[in-house]
Amino acid sequence: ASGLTLGNYVGLNYYEVKGKLEAKGIYVLVEKKELDENDKTKYQEDVIIEQKPESGTKAVEGDTVTLYIPNIVTEYPDFVAEAWPLSDIETFCKEYNIKLETEYQETD
């Protein structure tokens with residue numbers, strides 16, 4: 001069986017890594033890992049934050065690699081019901097890397 005040396009996958013999109021490894025016959029396990037509150041803004045949802053075994057390890061067909069991704073809840077606050085000011089919504093979106101489009105409507 002031909003083997004491969006595992007790269008450092010931290011910071012990469014897990015879908016891409018999973019696809020590449022599975023193409024080489026490696027079994028990939030994806031686990032969600034709880035983050036501290038202050039780490040939640042550091043990571044994006046589909047990005048690998050840890051891996052086992054670590055990079056540099058030789059893997060052969062049939063081996064298992066575990067990729068850890070952040071357990072981030074993708075539920076957004078109800079900005080309208082909670083009467084968020086626009087500046088706070090903009091800050092929230094920037095923090096979570098959300099593209100915000102603002103449309104203005106005239107009212108009396």
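Trainee: Where does Pro 53 lie?

Mentor: In this predicted model, Pro 53 is in the loop between strand S3 (50–52) and strand S4 (58–60). The peptide bond leading from Lys 52 to Pro 53 is cis, with omega near -10°. For background, most peptide bonds are trans.

Trainee: And what makes Ala 83 worth a look, as far as phi goes?

Mentor: Phi of Ala 83 is near 50°, a positive value in a residue other than glycine. Most residues other than glycine have a negative phi. Ala 83 belongs to the loop between strand S5 (64–70) and H2. Asn 97, which follows H2, also has a positive phi, near 60°.

Trainee: Is Ala 83 buried or exposed?

Mentor: Exposed: the cut-off is over 50%, and Ala 83 has 61% relative accessibility, so the label fits.

Trainee: Which residues of helix H2 are buried?

Mentor: Along H2 (residues 86–95), the buried ones are Ile 89, Phe 92 and Cys 93. Their arc around the axis is only 95°, so they sit on the same side of H2. Take Phe 92: buried means under 20%, and Phe 92 has 14%, so it qualifies.

Trainee: Why is Leu 86 called partly exposed?

Mentor: Leu 86, also in helix H2, has a relative accessible area of 34%. Partly exposed is what falls between the 20% and 50% limits, so 34% gives Leu 86 that label. Leu 86 joins Leu 100 and Tyr 104 in a nonpolar surface patch of about 330 Å².

Trainee: On to rings. How do you know that Tyr 14 and Tyr 15 are stacked?

Mentor: The count for the structure is 4 aromatic pairs. In the Tyr 14 and Tyr 15 pair, the centres are 4.3 Å apart with 25° between the planes. Pairing needs centres within 6.5 Å, and stacked needs planes under 30 degrees apart, so both tests are passed. Tyr 14 is buried at 12%, whereas Tyr 15 is exposed at 51%.

Trainee: What makes the pair of Trp 84 and Phe 92 edge-to-face?

Mentor: The centres are 5.7 Å apart and the planes are at 85°. Edge-to-face asks for over 60 degrees, so 85° puts the pair in that class. Trp 84 and Phe 92 also form one aromatic cluster with Phe 79.

Trainee: Why do Lys 33 and Glu 50 count as a salt bridge?

Mentor: The side chains meet at 2.5 Å, N to O. The limit is within 4 Å, so the pair passes. Lys 33 is in strand S2 (residues 27–33) and Glu 50 in strand S3, so the bridge ties together parts that are 17 residues apart in sequence. Lys 33, Glu 50 and Lys 52 are linked in a network of salt bridges.

Trainee: Where does Lys 33 lie relative to Tyr 68?

Mentor: Over the face of the ring, at 5.7 Å from the ring centre. The distance limit for that call is within 6 Å.

Trainee: How many salt bridges are there in the whole structure?

Mentor: The search finds 4. Among them, Glu 22 pairs with Lys 18, with the closest N and O atoms 3.0 Å apart. Both lie in helix H1 (residues 14–23), 4 residues apart, about one turn of the helix. Another is Lys 99 with Glu 101, the closest N and O atoms again being 3.0 Å apart.

Technical notes:
Residues are numbered from 1 along each chain as its sequence is written. This is a predicted model: local features need pLDDT of at least 70, side-chain atom pairs count only at pLDDT 80 or more; totals for chains, interfaces and linings use all residues. Side-chain values use heavy atoms; hydrogens and water are left out. Buried means under 20% relative accessible area, exposed over 50%, partly exposed in between (1.4 Å probe, protein chains only). Helices (H or I, at least four residues) and strands (E, at least two) are DSSP runs, numbered from the N terminus. The arc is that of the directions from the helix axis to the C-beta atoms. Rings of Phe, Tyr and Trp (its six-membered ring) pair if their centres lie within 6.5 Å; planes under 30 degrees apart count as stacked, over 60 as edge-to-face and the rest as tilted. A charge sits over a ring if NZ of Lys or CZ of Arg is within 6 Å of the ring centre and within 35 degrees of the ring normal. Patches are made of residues with over 30% relative accessible area and no salt bridge: like charges are joined within 9 Å, nonpolar side chains (Val, Leu, Ile, Met, Phe, Trp, Tyr) within 5 Å. Accessible areas come from the Shrake-Rupley method with a 1.4 Å probe; for residues, only the protein chains shown count as cover.
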